[in-house]
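Work through the exercises below with the sequence and the 3D view open. Try each task before you read its solution.

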Amino acid sequence: MELKFRVSGRINKPVHQVFEAVADPAQLSGYFTTGGAKGRLETGATVTWDFHDFPGAFPVEVVEVVSDSRIVLRWDASEATEPSTTGEAPQTVGYKTTVTMEFAALEDNRTLVTISETGWRKTPGGLKSSYGNCEGWTGMLCAMKVYLEHGINLREGFYK
């Protein structure tokens with residue numbers, strides 16, 4: 001059994017606007033990367049995402065970008081230690097997971113965004129980290145919806 005998940009949500013904005021909210025680092029920094037994003041998502045690029053809830057910035061490899069349709073990313077997997085008695089953040093463990101974001105225009109001018117992530121090892125730490133990332137991507141979709149539809153940064157002050 002492969003460790004993977006898929007989450008999705010509908011945003012009341014046209015597909016191009018929703019796609020750009022992910023591809024453009026300035027917009028992504030406005031609702032998701034609490035420490036900022038550097039670099040536009042373009043095929044072959046390596047960009048940096050920083051989050052206040054995890055120390056340090058993360059390199060993100062951009063595998064594929066199809067404008068207004070699909071973004072495929074790879075980044076270092078992290079696995080939670082079992083059990084963490086020191087409050088340590090999960091550590092990277094020498095392999096990568098793949099994140100696929102798909103953007104579909106709906107008939108009512110909304111956009112369906114689907115995010116899947118695959119590639120964790122079948123270990124207790126891999127399973128726990130896959131659940132954590134599923135939570136993170138669900139939070140990202142919620143934050144993006146509120147940001148695009150209402151101009152509010154839902155994550156501001158949430159983690160730090």
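## Exercise 1: A loop residue

Asn 109 has 49% relative accessibility, so it counts as partly exposed. This comes from a predicted model.

**Task.** Find where Asn 109 lies, and say what is notable about its phi angle.

**Solution.**
Step 1. Locate the residue. Asn 109 sits in the loop between β6 and β7.
Step 2. Read the backbone angle. The phi of Asn 109 is positive, about 75 degrees.
Step 3. Check the residue type. Asn 109 is not a glycine, yet its phi is positive.
Step 4. Check the class. Partly exposed runs from 20% to 50%. Asn 109, at 49%, therefore counts as partly exposed.

## Exercise 2: Another positive phi

**Task.** Asp 68 is not a glycine; what is its phi? Is Asp 68 buried or exposed, or partly exposed?

**Solution.**
Step 1. Place Asp 68 in the loop between β4 and β5.
Step 2. Read its phi: positive, at about 60 degrees.
Step 3. Apply the cut-off. Buried means under 20% relative accessible area. Asp 68 has 25% relative accessibility, so it counts as partly exposed.

## Exercise 3: How confident is the model?

**Task.** Which element has the lowest mean pLDDT, and which the highest?

**Solution.**
Step 1. Start with the whole protein chain. Its mean pLDDT is 90. Of its residues, 91% reach 70 or more.
Step 2. Go element by element. β6 has the lowest mean, 88. α1 has the highest, 98.

## Exercise 4: The nonpolar core

**Task.** How many residues does the largest nonpolar core have? Which elements give two or more residues to this core?

**Solution.**
Step 1. Count the residues. The largest nonpolar core has 37.
Step 2. Pick out the members with the most contacts inside it. They are Trp 49, Met 101, Trp 137, Met 140 and Met 144.
Step 3. List the contributing elements. Two helices are on the list: α1 (15-23) and α3 (124-150). The strands are β1 (3-11), β3 (46-51), β4 (54-66), β5 (70-79), β6 (91-105) and β7 (111-120).
Step 4. Recall the general trend. In soluble globular proteins, nonpolar side chains tend to be buried together.

## Exercise 5: Two tryptophans

**Task.** Which residues does Trp 137 touch, leaving out those up to four places away in sequence? Is Trp 49 buried or exposed?

**Solution.**
Step 1. List the contacts of Trp 137. They are Phe 5, Val 7, Phe 32, Trp 49, Trp 75, Val 99, Met 101, Ile 115 and Glu 117.
Step 2. Take Trp 49 from that list. It lies in strand β3.
Step 3. Check its accessibility. At 1%, Trp 49 counts as buried.
Step 4. Look at Phe 58, in strand β4. With residues up to four places away left out, Phe 58 touches Val 47, Thr 48, Trp 49 and Phe 51.

## Exercise 6: Helix against helix

**Task.** At roughly what angle do the axes of α1 and α3 cross? Which residues make the contact?

**Solution.**
Step 1. Recall how such pairs are described. Two packed helices are described by the angle and the distance between their axes.
Step 2. Read both values. The axes of α1 and α3 come within 11 Å and cross at roughly 120 degrees.
Step 3. Name the arrangement. This angle makes α1 oblique to α3.
Step 4. Find the contact. α1 brings Gln 17, Val 18, Ala 21 and Val 22. α3 brings Met 140, Met 144 and Leu 148.
Step 5. Give the handedness. α1 passes α3 in a right-handed crossing.

## Exercise 7: Buried and partly exposed in helices

**Task.** How many of the nine residues of α1 are buried? Is Ser 130 buried or exposed?

**Solution.**
Step 1. Count in α1: seven of its nine residues are buried.
Step 2. Name them: Val 15, Val 18, Phe 19, Glu 20, Ala 21, Val 22 and Ala 23.
Step 3. Turn to His 16, also in α1. Its relative accessible area is 43%, so His 16 is partly exposed.
Step 4. Move to Ser 130, in helix α3. At 6% relative accessibility, Ser 130 counts as buried.
Step 5. Find its contacts. Neighbours within four places in sequence aside, Ser 130 is in contact with Phe 5 and Trp 120.

Note on methods: Residues are numbered from 1 along each chain as its sequence is written. This is a predicted model: local features need pLDDT of at least 70, side-chain atom pairs count only at pLDDT 80 or more; totals for chains, interfaces and linings use all residues. Side-chain values use heavy atoms; hydrogens and water are left out. A nonpolar core is a set of buried Ala, Val, Leu, Ile, Met, Phe, Trp, Tyr and Cys residues joined through side-chain atoms within 4.5 Å. Buried means under 20% relative accessible area, exposed over 50%, partly exposed in between (1.4 Å probe, protein chains only). Helices (H or I, at least four residues) and strands (E, at least two) are DSSP runs, numbered from the N terminus. Contact means heavy atoms within 4.5 Å. pLDDT is the predictor's confidence in each residue, from 0 to 100. Axes are lines fitted to C-alpha atoms, for helices over the stretch in contact, and angles run from 0 to 180 degrees between N-to-C directions. Angles under 35 degrees count as roughly parallel, over 145 as roughly antiparallel, 65 to 115 as roughly perpendicular and the rest as oblique. A crossing is left-handed if the near helix is turned anticlockwise from the far one by less than a right angle, and right-handed if clockwise.
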